[in-house]
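Q: I should like to take a close look at a single part of this structure. Please guide me through it in a connected way.

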Amino acid sequence: MLLAQISDLHIKRPGALAYRRVDTGAYLARTVAALNALEPRPDAVIMTGDLVDQGDPEQYEHLKTLLAPLEIPYFLMVGNHDERAALRAAFPDRNELRGGGEFVHYAVDVGPLRVIALDSMVPGQSAGNLCDARLAWLETQLDAAQGKPTVVALHHPPFVCGIGHMDELRLDPAAADKLAALIARYPNVERVICGHVHRPMFVRFGGTIASAVPAPAHQVGLDLREDAPSAFVMEPPAYALHRYDAATGIVTHHAYVDKADGPYPFYEPEGDLID
Ligand SMILES: [Fe+2]
């Protein structure tokens, strides 16, 4: 079972560049082509928020157009750059987006995995939060998923990553503590997966592993100085492939969108290691 995760697409209206530099639409088109070409093909793709850049209806229409060629079932989540009503309006047939009342949260099965998608956005601010209503909903979902391998997904990482300007925008620390305490009660939670920080990260969290993924376009610079200026770099576009089997659990592979040179054989046709 393969679950692909892409995050932080930041789609603009057609022709517009993010931060006057990045053609995020073109990058997403490349990512969709790369996902379609994967063998074996993922069972689903989860998109962990910041789907568009300013929550505009026109941007969601562009997102929808760009995702149309994706031949794999996909699930959309909200980040701080999203707008719940505009997202729902652009995807009227996506029932999971509208079953959570005020929030865009839902649980779905991807093969043997239960995926619980949380809504960590707070309209009008970049940092995230989980109010008591959302934490109570999560508890109900975790109770219902007991014994099933489970992935909890949310946009905002619930941990300090060391990149100062991103840490200011992380999940509210009190909410992160409550989330960790809740997750710790459910040993079937294989992963807590996040976006927002545009980099690959892994940390122990609530008795499981929390992780973040790079973006299909611009990445946040790896600058661990406390006063690191807010800046992005054009490191290679990438995503995560979460592979699950019952014996191992989840192994997360870091995957690049663009093809690299190769593959080249390790061995001669006769079987000797190439010297
Ligand atoms: Fe974000």
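Is tyrosine 19 buried, partly exposed or exposed?

A: The model shown here is a predicted one. Tyrosine 19 is partly exposed, because its relative accessible area is 42%, and the term applies to values between under 20%, which is buried, and over 50%, which is exposed. The residue is located in the loop between E1 and H1. Its backbone also deserves attention: tyrosine 19 is not a glycine, yet its phi is positive, at about 55 degrees.

The loop between strand E1 (2–6) and H1 also holds aspartate 8. Here too phi is positive in a residue other than glycine, with a value near 60 degrees. As for accessibility, aspartate 8 has a relative accessible area of 0% and is therefore buried. The loop thus offers two residues to study side by side: tyrosine 19 is partly exposed, whereas aspartate 8 is buried.

One may now follow the chain beyond H1. Helix H1 spans residues 24–36, and the loop between this helix and strand E2 (44–47) contains proline 40. The peptide bond that leads from glutamate 39 to proline 40 is cis, and its omega is near 0 degrees.

A cis peptide bond is also found from glycine 262 to proline 263, where omega is near 5 degrees. Proline 263 belongs to the segment after E13. Strand E13 covers residues 249–256, and glutamate 268 is likewise placed in the segment after it. With a relative accessible area of 31%, glutamate 268 is partly exposed. A patch of negative charge on the surface is formed where Glu268, Glu270, Asp272 and Asp275 gather. Residues in such a patch must have over 30% relative accessible area, and the 31% of glutamate 268 can be read against that cut-off.

For a further example of accessibility, consider helix H4, which comprises residues 132–144 and includes glutamine 141. The relative accessibility of glutamine 141 is 18%, so this residue counts as buried, the limit for that term being under 20%. When neighbours within four places in sequence are set aside, glutamine 141 is in contact with Ala107 and Ile116.

To return to the residue of the request, tyrosine 19 combines a positive phi of about 55 degrees with a relative accessible area of 42%.

Methods: Residues are numbered from 1 along each chain as its sequence is written. This is a predicted model: local features need pLDDT of at least 70, side-chain atom pairs count only at pLDDT 80 or more; totals for chains, interfaces and linings use all residues. Side-chain values use heavy atoms; hydrogens and water are left out. Patches are made of residues with over 30% relative accessible area and no salt bridge: like charges are joined within 9 Å, nonpolar side chains (Val, Leu, Ile, Met, Phe, Trp, Tyr) within 5 Å. Accessible areas come from the Shrake-Rupley method with a 1.4 Å probe; for residues, only the protein chains shown count as cover. A salt bridge is a side-chain nitrogen of Lys or Arg within 4 Å of a carboxyl oxygen of Asp or Glu. Lys and Arg count as positive and Asp and Glu as negative; His and the chain ends are not counted. The place of a charge is taken as NZ of Lys, CZ of Arg, CG of Asp or CD of Glu. Helices (H or I, at least four residues) and strands (E, at least two) are DSSP runs, numbered from the N terminus. Buried means under 20% relative accessible area, exposed over 50%, partly exposed in between (1.4 Å probe, protein chains only). Contact means heavy atoms within 4.5 Å.
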